[in-house]
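Here is a quick tour of a multi-chain model, written for someone who would rather be at the bench. Have the structure open and follow along.

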Amino acid sequence: MDITFKDVSFIYQANSPFAHIALKDVSFHIPSGSFVAIIGHTGSGKSTLIQHLNGLITPTKGEVRIGDYRIHSGKKPDSLKELRSRVGVVFQYPEHQLFDETVEKDIAFGPKNFGVPAVEISKRINEILPAVGLDENLLDRSPFDLSGGQMRRVAIAGVLAVKPEILVLDEPTAGLDPKGQREMMDMFYNLHKDQGLTTVLVTHSMEDAVKYADQVIIMNKGSKYMEGPPEEVFVQRELLNQVQLDIPEIIQFLHAFETRFGSHIPFKRQTIERLAQEISQVVKGADLRE
Amino acid sequence: MREKFIEFRNVSFRYGDNEPWVLKNVSFDIYKDEWVAIIGHNGSGKSTIAKLMNGLLYPQEGEIIINGLPVNDKHVWEIRKFVGMVFQNPDNQFVGTTVQDDVAFGMENRGVPREEMILRIEEVLKAVRMEEYRLTEPHRLSGGQKQRAAIAGVLAIKPEVLILDEATAMLDPRGRKEIMQTVAEIQQQSEISLITITHDLQEVVKAERVIVMNNGKVWDEAKPREIFAKKDELRKIGLDVPFVAVLADELIQNGIMIKNEPLDHDEILEELWTLHSKM
Amino acid sequence: MNNAIIIGQYVPGNSLVHRLDPRMKITIIFLFVIFVFFANNVLSYSILTSFAIITTAITKIPFRFILKGLTPVWFLIIFTFLLHLIVTKEGIILFDILGFKVYSGALIQGFAISLRFFLLILITSLLTLTTTPIEITDAIEDILHPLKKIKFPVHELALMMSISLRFIPTLLQETDKISKAQASRGVDFRTGPIRDRIKAVVPLLVPLFVSAFKRAEELAMAMEARGYQGGEGRTKLRELKIRKLDIYVFLVFLLVIAGMFYTRNY
């Protein structure tokens, strides 16, 4: 499903002394099947933005379109439940949403709410467990007996069991150690590819954005600040610096290299391996400029 | 030779008699005015070490000595006076209803007179660059600001060692940077030992010494540069190797002989330039 | 966040009312609440009403905002008024609609009681609107201080209150977050039969409790690490002081009350 924002604004506690503008005239289009990274500081409006994707909040002004669903200011679509079954959201620290007696029941909770038959649910659980890296013998355990990493995987399985077409991920790797982070992002990327999902990733990691995203949206103080493919967005160092955002390390390095050696190696999302080859050519005296 | 400040002697710990050992026969020393980073994957036992250092937990085996005193029921309150700790979750350690109230909490516990408190609050908030937030309530602060307030609260009791137990793990990159900068400044300006516990190898570059934990044991103890050189092994125990270290390795594969394990961009560029000039 | 939370929530400001010592505010409000019951005619009511309205104006909090915050009690005020219209049978008959007689006494009494009710609520809500919860806690701790002699845990109680206050916004945020997460998993908190809605609360409450216990545990550890050993030998940063301003305000208040009593016999 496509996602379109048209001049979306959102104000918290409108008409009170605590009114706070969280989004200001945000417009963008995310084609079906793409992997989008949304980047910005805490408080830039990212969280508010993603809550529009499954109708948790409705815009104060403007329109959100998810496939054929339209969400206008102040009016939730009549088929809100249906929309939520097609847009899965993995919130930050998703393990905090676990509550049921067993892992199995907790994973089944979402699909059951959306009216998926029991037989189908157990079939889905069997498919999802290996995909999220959980062992089958955990199904009868209480989710609260598991390790932090396992709990998170259970919570994610609970969202995937609904079989959403759009998957929204709000900093899904926060608090994990580096190995856990890498494994989790690879897992999401594989799911994205295998199931043809549209993935919206909210992240602070420029490295993840470079590695996985087709499109990057940079938010600043409630407005869209930049948008485009990562190789075009991240090379605009000045613009990113102006809003104190990090630049992916490889681009920082390429810039430092250029200052030192006077030769420009373009950024095209190359691996470190490839980068090393390019650098060694320059260091050994070959002139890339030709 | 520097003076020993914290000694772990064959320390083993587990949470219950039937539980697995979290720490097994761990020994190391930390010296006065030193910056030590303790790293390891989640569950490697690194956070348990922090809690043992000020008597929030006691080991089943072995002995911990801090500033000459063994950590036990008798000395624990004395020891807490010179061991300050900042924990992982910014919210769950913020006691006060405003920044200044929170900073005061430790001093109030120790009966510091009110006039003295006011002076010290001003001083420590300056040290962590939070002067303008003195009267701000916690839910209006970012995670990084809350953690800086927590650091200020610890500094206010003038400890001899500051332990950051994964204090940056829940922060965004900006908050993380703020904390690391604050901590580096404090370490330079005062005579305080610093122990940073983290799983982020980027954060250990400035430390003098690194203790790497794996499965409850001390896996290695060395200077950051020496640790960075063990890339494959680090990956095996669940840690990430920084960009510069990986690049250095790949360059060597391409026949560019980087020798002195570089820690940052400047160092690796310097080496490349030297090699380039010789070619 | 829910708009209902605004009711009685502290609105930061620097007005005369904001700056008063919280103990003075509590005393004045306490006395006002008692003296409202002594008003008995148009003049004495006018004096008290003017006092309440002028005080509200001094706070500089928009009047509309305060009235909006009182929404839940409007119903009670109007209900009281209507009740009097029906029940009281004094004075002359004003009008007669389909055999239902409205007496002049009923109108006057109904109005007086509703006004009294309104004044009570307005003036007490001014306390929470202009005083931070922690100031109120400090004031209560101070007022209860004499009870320490009979081993009443005044310090512990105040600490508990101040920590609860500190965590209210945190827990509200958490409630919001978890209910959104469960709503995303198809829970419907708003529609459907009551039984289903009660059931829908379980996936919200369990995670909230789990997290609250975890927070409590971590907080206890952090407090211990920071040297907390109970109230013994503790000093305090926050200090309450009665200043000249408080005395003046109290004198003005006494004058208002005296005026009210004087006009009672008119």
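Let's begin with how chain B holds together over long stretches of sequence. Of its contacts with a separation of 6 or more, 66% are between residues 24 or more positions apart. Keep in mind that this is a predicted model.

**Chain B as a whole**

Chain B contains 10 helices and 10 strands. Its radius of gyration is 20 Å, while the globule rule gives 19 Å for 279 residues, so chain B is as compact as a globular protein of that length. If you lay its C-alpha trace along the principal axes, you get a span of about 70 × 50 × 35 Å. As for the inside, 52% of the 279 residues of chain B count as buried.

**Who touches chain B**

Chain B has contacts with chain A and with chain C, and we can take them in turn.

With chain A, the contact brings together 31 residues of chain A and 29 residues of chain B. Four helices of chain A each put in at least two residues: α5 (148-160), α6 (178-194), α10 (249-261) and α11 (272-283). Of the elements on that side, α11(A) gives the most, with 8 residues.

On the other contact, 26 residues come from chain C and 29 residues from chain B. Here the elements of chain C that give two or more residues are α8 (154-184) and α9 (194-225). The largest share of the chain C side is 8 residues, and it comes from α9(C).

What are these two sides made of? The table gives the split for each one.

| Side touching chain B | Nonpolar | Polar | Charged |
|---|---|---|---|
| Chain A | 11 residues | 13 residues | 7 residues |
| Chain C | 11 residues | 6 residues | 9 residues |

**Two sheets in chain A**

Chain A also has some sheets to look at. One is an open sheet of 4 strands, in the order β2-β1-β4-β5, with antiparallel pairing. At its edges sit β2 (20-30) and β5 (69-72), each of which pairs on one side only. From one strand to the next, the twist averages 20°.

Zoom in on one end of that sheet. Strand β4 (residues 61-66) of chain A pairs with β5(A) in the antiparallel sense, over 4 bridges. Across this pair, Ile66(A) stands opposite Tyr69(A) in β5(A). The hairpin of β4(A) and β5(A) has 2 residues between the strands, and Gly67(A) takes a positive phi near 55° there.

The other sheet is open as well, with 6 strands in the order β6-β7-β8-β3-β9-β10 of chain A and mixed pairing. Which strands stand at the edges of this one? They are β6 (87-90) and β10 (223-228) of chain A; each has a single partner strand, so one side of each is left without a neighbour in the sheet. Direction ignored, neighbouring strands of this sheet are turned by 15° against each other on average.

For a parallel pair in chain A, go to strand β7 (residues 166-170) and strand β8 (residues 198-203), which are joined by 5 bridges. A handy residue pair to click on is Asp170(A), which stands opposite Val202(A) in β8(A). While you are looking at strands, remember that side chains in a regular strand alternate between the two faces of the sheet.

Note on methods. Residues are numbered from 1 along each chain as its sequence is written. Chains are lettered from A and ligands numbered from 1 in the order in which they are written. This is a predicted model: local features need pLDDT of at least 70, side-chain atom pairs count only at pLDDT 80 or more; totals for chains, interfaces and linings use all residues. The radius of gyration is taken over C-alpha atoms; the globule rule is 2.2 Å times the number of residues to the power 0.38. A residue is buried if 20 or more other C-beta atoms lie within 10 Å of its own, exposed if 12 or fewer, and partly exposed in between; C-beta atoms are placed from the backbone. Two residues are in contact if their C-beta atoms, placed from the backbone, lie within 7 Å. Ala, Val, Leu, Ile, Met, Phe, Trp, Tyr, Cys and Pro count as nonpolar, Asp, Glu, Lys and Arg as charged, and the others, Gly among them, as polar. Two strands pair if DSSP finds at least two bridges between them. Axes are lines fitted to C-alpha atoms, for helices over the stretch in contact, and angles run from 0 to 180 degrees between N-to-C directions.
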